[in-house]
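Me: I'd like a close look at a single part of this model, please. Start with the backbone there, and then walk me outward through the rest in one connected answer.

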Amino acid sequence: KLVLQGLEGKLPVVLTGMIPNELYLVSFVMQFLGLRWFLAREPARSRWLWAAAGLVICVYTSGFLGRISYSANLINVPFVAVCVGSVWMLLQRGNGSFKAVSRGAAAIVFLQGGVAGYRAILTNMRYAQPWATVNAHQDPRWIYSLAAAAFLAGFMAMCELWFLVMELQRELAEQVG
């Protein structure tokens, strides 16, 4: 997502504006489901989250391709909602050996949701037409918020590795004991 957005103005706007936002939503839904598995030890039985994400992506794609102003809200609002749901789940279910990593991941996801919310407000104020964000490369707020999103994504990847290490330690302790 971040690489494609960084290529705005060099590739078609569909590849640098629309698809990256859709990938971001899909990746955070996948992250939510992965974190849920680590914390609840069961896969999501319901397909409602995927159905909702699919519907959002279809409506967003139509709005983007139809050049409807403020259509970015169709992807920004669900993204922030998935972040809020992830933070709540991490704080509620992150116990035992996952307590520390859950708290750290919750803080990072909270900040990611904050950056996404800031970018949504910035988009509404300055770039109401999401296909026009190619002009945003001159705006330091746009560039810094994109850098913050990349920075936080790196930290979240480290938290996901931390979850994996904690899981491996738990399994090893189980086998020894």
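## A loop and its surroundings

Reply: Happy to, and the place to begin is Arg67, which sits in the loop that runs between helix H3 (48-65) and helix H4 (73-93). Please keep in mind throughout that this is a predicted model.

What draws the eye to Arg67 is its backbone: phi is positive, about 55°, although the residue is not a glycine. Most residues other than glycine have a negative phi, so a positive value deserves a second look. The loop between H3 and H4 offers another case, since Tyr70 lies there as well. Tyr70 is also a residue other than glycine, and its phi is positive, near 65°.

Now for how these two loop residues meet the surroundings. Arg67 has a relative accessible area of 51%, and because the cut-off for exposed is over 50%, Arg67 counts as exposed. Tyr70 has a relative accessibility of 43%, which makes it partly exposed.

From the loop, let us follow the chain into H4 and beyond. Helix H4 covers residues 73-93, and helix H5 covers residues 99-126. Gln112 belongs to H5, and for a good picture of the interior it is a handy residue to centre on. Its relative accessible area is 4%, so Gln112 is buried. Setting aside the neighbours within four places in sequence, the residues in contact with Gln112 are Phe28, Gln31, Phe79, Cys83, Leu152, Ala153 and Met156.

Phe110 is found in H5 too, but with a relative accessibility of 60%, Phe110 counts as exposed. If you would like a yardstick across the fold, take Phe110 and Leu33: they are 77 residues apart in sequence, and their C-alpha atoms are 17 Å apart in space.

One name in the contact list of Gln112 leads on to the cysteines, namely Cys83. Cys83 is buried, with 2% relative accessible area. The closest cysteine sulfur to that of Cys83 is in Cys159, and at 14 Å it is too far for a bond. Cys159, which likewise is in no disulfide, counts as buried because its relative accessibility is 5%. For the structure as a whole, the number of disulfides is zero.

Stepping back, here is the frame that holds these details. The chain has six helices and zero strands, so its pattern along the sequence reads α-α-α-α-α-α, given how helices and strands are assigned. Along its principal axes, the C-alpha trace spans about 60 × 35 × 25 Å. The chain has 177 residues, and 41% of them count as buried; Gln112 is one of the buried residues. Among contacts between residues at least 6 apart in sequence, 65% join residues at least 24 apart.

The outside can be summed up too. About 9,600 Å² of the chain is exposed, and carbon and sulfur atoms supply 69% of that area. As for charge, there are 14 positive and 8 negative charges, and the mean positions of the two sets lie 7 Å apart.

To come back to where you asked me to look: in the loop between H3 and H4, Arg67 and Tyr70 are the residues to select on screen. Each has a positive phi, about 55° for Arg67 and near 65° for Tyr70.

Conventions. Residues numbered from 1 in each chain as written. Predicted model: local features only at pLDDT ≥ 70, side-chain atom pairs only at ≥ 80, totals over all residues. Heavy atoms only, no water. Disulfide = S-S within 2.5 Å. Buried < 20%, exposed > 50% of the residue type's maximum accessible area, 1.4 Å probe, protein only. Helix = DSSP H or I, 4+ residues; strand = E, 2+ residues; numbered from the N terminus. Contact = heavy atoms within 4.5 Å. Areas by Shrake-Rupley, 256 points an atom, 1.4 Å probe, with all protein chains shown as cover. Lys, Arg positive; Asp, Glu negative; His and termini not counted. Charge placed at Lys NZ, Arg CZ, Asp CG, Glu CD.
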